[in-house]
Amino acid sequence: MSLDKILSIAGKPGLYKLVTQTRTGFVAESLLDGKRITVGLRSNVSVLSEIAIYTLEQELPLREVFLRIQVKEKGAKTAVGHKEEKLKLEEYFFEVLPDYDEDRVYASDIKKVIQWYNLLHDNGITDFSEKEDSSEEE
């Protein structure tokens, strides 16, 4: 499953898998407990494939950050939990992404990235490679 079908819903813990679209929104399944919920069109929803992390040079897609974590951890879960203290989280993230913008990437963002990576890993979603439909950038 690609990150195009994985969602973060404001006000709801964890991540959700898009199940189906409805007339008034869509149905999503929690990766935490497998429960299905209906989400209205007015809800604040982010697709993981559309999220990026600020670096000093550019915005790096979340997929790339996950790939770097995966390489650092040799495919395993992160050595640091998302509930660690701020300094430990920042040190870990600096090892993964040395040029991240410390002014615009907060500890809460780092916590989410680590939590999401581990949640995806627990659910067997570990292929973060980009799947392009033969459309090349010009």
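**Exercise 1.** Which residues does glutamate 73 touch, not counting residues up to four places away in sequence? Describe the setting of this side chain in the predicted model.

*Solution.*
1. The contacts of glutamate 73 under that condition are Thr78, Ala79 and Tyr92.
2. Glutamate 73 sits in the loop that runs between α1 (62-72) and α2 (86-96).
3. Glutamate 73 is buried but has no salt bridge. Lysine 72 is the nearest side chain of opposite charge, 4.5 Å away, and a salt bridge requires a nitrogen within 4 Å of a carboxyl oxygen.
4. The side chain of glutamate 73 does have a polar contact of 2.7 Å with the side chain of tyrosine 92.

**Exercise 2.** State where the salt bridges of arginine 36, lysine 77 and glutamate 90 lead, and give the exposure of the residues involved where available.

*Solution.*
1. The whole structure contains 8 salt bridges.
2. Arginine 36 pairs with glutamate 29 at 3.2 Å, N to O. Arginine 36 has a relative accessible area of 55% and is exposed, whereas glutamate 29, at 18%, is buried.
3. This pair belongs to a network of salt bridges linking Lys17, Glu29 and Arg36.
4. Lysine 77 bridges to aspartate 122, with the closest N and O atoms 3.2 Å apart. The two are 45 residues apart and link distant parts of the chain: lysine 77 is in the loop between α1 and α2, and aspartate 122 is in helix α3. Lysine 77 is partly exposed at 37% relative accessibility.
5. Glutamate 90 and lysine 86 form a salt bridge of 3.9 Å, N to O. They are 4 residues apart in helix α2, so about one helical turn separates them. Glutamate 90 is partly exposed at 24%; lysine 86 is exposed at 51%.

**Exercise 3.** Locate the largest nonpolar core and identify the helices that contribute to it.

*Solution.*
1. The largest nonpolar core has 28 residues, and Leu48, Phe66, Phe93 and Leu120 have the most contacts inside it.
2. At least two of its residues come from each of α1, α2 and α3 (107-122). The largest share, 7 residues, is from α3.
3. Leucine 48 touches, among others, Leu3, Phe66, Trp116 and Leu120, when residues up to four places away in sequence are not counted.
4. A second, separate core has 6 residues, including Leu7, Tyr16, Phe26 and Ala28.

**Exercise 4.** Summarise the fold and judge how compact the chain is.

*Solution.*
1. The chain has 3 helices and 7 strands, in the order β-β-β-β-β-β-β-α-α-α along the sequence.
2. Its radius of gyration is 16 Å, close to the 14 Å given by the globule rule for 138 residues, so the chain is as compact as a globular protein of that length.
3. Of the 138 residues, 35% are buried.

Technical notes
Residues numbered from 1 in each chain as written. Predicted model: local features only at pLDDT ≥ 70, side-chain atom pairs only at ≥ 80, totals over all residues. Heavy atoms only, no water. Buried < 20%, exposed > 50% of the residue type's maximum accessible area, 1.4 Å probe, protein only. Lys, Arg positive; Asp, Glu negative; His and termini not counted. Polar contact = N/O pair within 3.5 Å; in protein donor to acceptor, adjacent residues only side chain to side chain. Contact = heavy atoms within 4.5 Å. Core = buried A, V, L, I, M, F, W, Y, C linked by side-chain atoms within 4.5 Å. Rg over C-alpha atoms; globule rule 2.2 N^0.38 Å.
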